[in-house]
Each structure stands twice: as structure tokens, then as C-alpha cells.
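The exercises below are meant to be worked with the sequence and the 3D model open side by side. Each task is followed by a solution that goes step by step.

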Amino acid sequence: MDRWITTSEAAERLGVKRGTLYSYVSRGVLHSRRMPGQAESLFDRTEVDSLAAVKHDGRREADRLLRFRAVTTRVSALRGDALYLRGRPISEVCATMDFAAAARFALEADQVAAPPAVDLDVARTVALERRIPLAVALLAARDPVRADRSHVAERTLGLLPVLAGLVPEARLDHHWVDALATCLIDNGLAASTTAARVAASARAGFYDALLAGYGAMAGVLHGGAPAAAHAMLGRVLDGGDIDAAIADAAWGGHLAGFGHIVYTGEDPRATVVLGLMRADRPDAPALRAVADLAARTGRSVNIDLAGAAVAHTLGLPARATEVLFQYGRTVGMAAHIAEEYEEAPLRWRGTNSGGVR
């Protein structure tokens, strides 16, 4: 049933009225079906997305491309201020699964395909936050079948222990850290996920598509944001001026550790992680510092500040939460890469609304 969408959703994706939708059916452009107990006709989502990408009204070539509103995914869903992973609330996933189980759930696989044997010692010599991308780049360079696009889920499950072995400083065995990585598996079409899907659409191999995602993740407003949140929280914990700490963590209108481009209220991932901390260590100084910062800013805490609270309480390195972001999101990106391989190639392209500059 994931293949089929309702009349209302098909019309919304195409930006047309129902009457126009049914005219497409009569002309054979789209196909619909009825199911017992279903109030609306059902449409093949692939056909609808293809029609959204390829315009039939004679407009210029640049307009015959996929619009972002037509992108669909089964990996995760954002509904209001709630995050669902494969249809299950993230809070439920964290309450019933550890990261390993959540990875299998997100990837819809249990079998493991080991990565090629590559000497990754050099990856252990670089900065903590550069180890995972470097290791994947080395695997891509040495893998004779690096362009292979099959068995993505199984290869990801084989890759995760290798990546975990590169970053023992992240304390992946601690249940707070495990939950944090689980919460970071996927969050819709974020910058890193979109970058990975674009590469997969161009039929880049599995490792190269992951590298495209890591590149986007390195941005200070994405995967690099936890470092600023860690520094801000550290200053407060050290007794520094709270207003100065907040001012220094602000950049380009953004405040590290607070707010989110998607969530208007509480970040559900932060709620899960901070809830675990409160249950185990209600008197943790980091929790008090988070509360003080939230009270001073009047804004909702996001996953970056929740991760910073975990890192400070457990004594993890400053960039450990960025590494956890890379580690957890590897699963989500891989799930999206596998999904994108099933779509029409080269369907992602922006349009230039002005002249060439």
C-alpha cells in the first residue's frame, strides 16, 4: 500500500484540482484504482511524482524537473512537532530498540555484508569529526565494486561496526549515547540527506553518495552545530556569564542548541534524550544549565543542546556529538540512498529564475 496515495494527496502533489486529476486518468496519463472501504480513489505515487517532474504543457526544459514538494519517502515522516521513523514515533523507537535494532528497522534488513578489507589506521590519526568521512572515502577508493548500487542496507549494517571502532571516544556503549544516535538516524529531507539523494540520483556508488551527505553535514548550521552548543553549555557550567555565552553561540540569526527549521515547538529528539538523563541523573549540572539557558532565551531546546548535555555529563570530547550525528545519520542516509536508486535517475535539478551571473 505504500505505492498508492489518495486522490487528495495526488492532487496536492501535482497542484491541480480533482477534475484535472480525473482528466489525466481519462487520457491515460495516470491510472487509479478503488479499494474496498476506501473513500477516495488511489493513485500510483511513482506515476504522480513522474508527472510532477515532467510537465506536459510545453513549458521550458528547466520546468520539466522534479519539484521538492513531489519528493516522497518511507524512511521518516514529520507531522507537526512529531518525528516518525518507518511509521513509528521516535520516542517509541528509542523506548523499544537500541541503536543496532533501530538501524535494522530503518534499513529494513537483518543480513550483514562486510565492507572490503582496507587499512583504516590513517583515519584514526585525524581530528575526531573527520574520521568517519575519511574512512568512507578510503573504502570508496579501495573498493573494486564501489559503483555497485545493490545491497545497500546490508552493506550499511556491515559498515557500522567499522565506523564505531574508529571513535571509541564517543562512548557508543552508553545508553544515553545509544539513544542519541538513534534519534539522529533520520529527520526527513535535511541538507545531508538531500545531498546523499542527489548523488544517488546521479547514480553515484553507495560510498560516494554517503560522502556527499557528510560534506553537507559538515556545515556549521547542520552537523557542525553541536560543537557550538557544546561550547555554550560548557561556559555556563564553568560559571561564565550566561548572556555572553548565548551571544557567542549566535551566528547569522541562528542560536546553537535552540529552535529548528522544522519543529515549531519541542524537538521530539531532545525530549527523548533529556528525559533519559532526568530519569537517571536528575541532579546533573548539565540539566540545570540547559534549563537556565532555555529560561533565558525563551526558546525550545533542540537535539544539539541535548547532545551537549550528554557529552558534558559523560565527559565526552567536544566534537563527540558531531561524530554521533555522522554515525547515526549514516543509517538514514543509506536508507534514502537505497530508496533513491529505485527512482528515475537525474531527477534533482534546481531552476534558474533569473539570468546567468
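**Exercise 1. Determine how much of the protein counts as buried, and describe its overall dimensions.**

Step 1. Of the 357 residues of the protein, 49% count as buried, where buried means under 20% relative accessible area, exposed means over 50%, and partly exposed lies in between, with a 1.4 Å probe and protein chains only. These values come from a predicted model, in which local features need pLDDT of at least 70 and side-chain atom pairs count only at pLDDT 80 or more, whereas totals for chains, interfaces and linings use all residues. Residues are numbered from 1 along each chain as its sequence is written, and side-chain values use heavy atoms, with hydrogens and water left out.

Step 2. For 357 residues, a compact globule would have a radius of gyration near 21 Å, and the protein, with 22 Å, agrees with this; the radius is taken over C-alpha atoms, and the globule rule is 2.2 Å times the number of residues to the power 0.38. Along the principal axes, the C-alpha atoms fill a box of roughly 70 × 50 × 50 Å.

Step 3. The accessible surface comes to about 16500 Å², of which 52% belongs to carbon and sulfur atoms; such areas come from the Shrake-Rupley method with a 1.4 Å probe, and for residues only the protein chains shown count as cover.

Step 4. Among the contacts with a separation of 6 or more, 74% are accounted for by residues 24 or more positions apart, a contact meaning heavy atoms within 4.5 Å.

**Exercise 2. List the secondary structure elements and work out the strand order of the two open sheets described here.**

Step 1. The protein has 16 helices and eight strands, which are DSSP runs numbered from the N terminus (helices are H or I with at least four residues, strands are E with at least two).

Step 2. One open sheet of three strands has the order E1-E3-E2 with antiparallel pairing, and its edge strands, each pairing on one side only, are E1 (4-6) and E2 (32-33). Two strands pair if DSSP finds at least two bridges between them; E1 and E3 (residues 42-44) are joined in the antiparallel sense over three bridges, and within this pair Trp4 stands opposite Asp44.

Step 3. Another open sheet holds three strands in the order E4-E5-E6, again with antiparallel pairing, and here the edge strands are E4 (76-79) and E6 (88-89). Four bridges join E4 to E5, while two bridges join E5 (residues 82-85) to E6. Tyr84 can be followed across the sheet, since Ala77 stands opposite Tyr84 and Pro89 in E6 is also a bridge partner of Tyr84.

Step 4. The hairpin of E4 and E5 has two residues between the strands, and Gly80 takes a positive phi near 65 degrees there. The hairpin of E5 and E6 likewise has two residues between the strands, with Arg86 at a positive phi near 50 degrees.

**Exercise 3. Explain why helix H8 can be called largely enclosed, and identify what its buried residues pack against.**

Step 1. Helix H8 spans residues 175-183, and eight of its nine residues are buried, so the helix is largely enclosed by the rest of the structure.

Step 2. The buried residues are Trp176, Val177, Asp178, Ala179, Leu180, Ala181, Thr182 and Cys183.

Step 3. These residues pack against strand E5 and against helices H4 (90-96), H5 (99-107), H13 (268-280), H15 (303-314) and H16 (320-341).

**Exercise 4. Characterize the surroundings of Ala200, and decide whether His151 is buried or exposed.**

Step 1. Ala200 lies in helix H9 (residues 191-201) and is buried, with a relative accessible area of 0%.

Step 2. Leaving aside residues up to four places away in sequence, Ala200 touches Ala209, Ile337, Glu340 and Tyr341. The C-alpha atoms of Ala200 and Trp348 are separated by 10 Å, although these residues are 148 residues apart along the chain.

Step 3. His151, found in the loop between H6 and H7 (152-166), is exposed, with a relative accessible area of 55%. The phi of His151 is near 55 degrees, a positive value in a residue other than glycine.

Step 4. Glu108, in the loop between H5 and H6 (131-142), has a positive phi of about 55 degrees and is not a glycine either.
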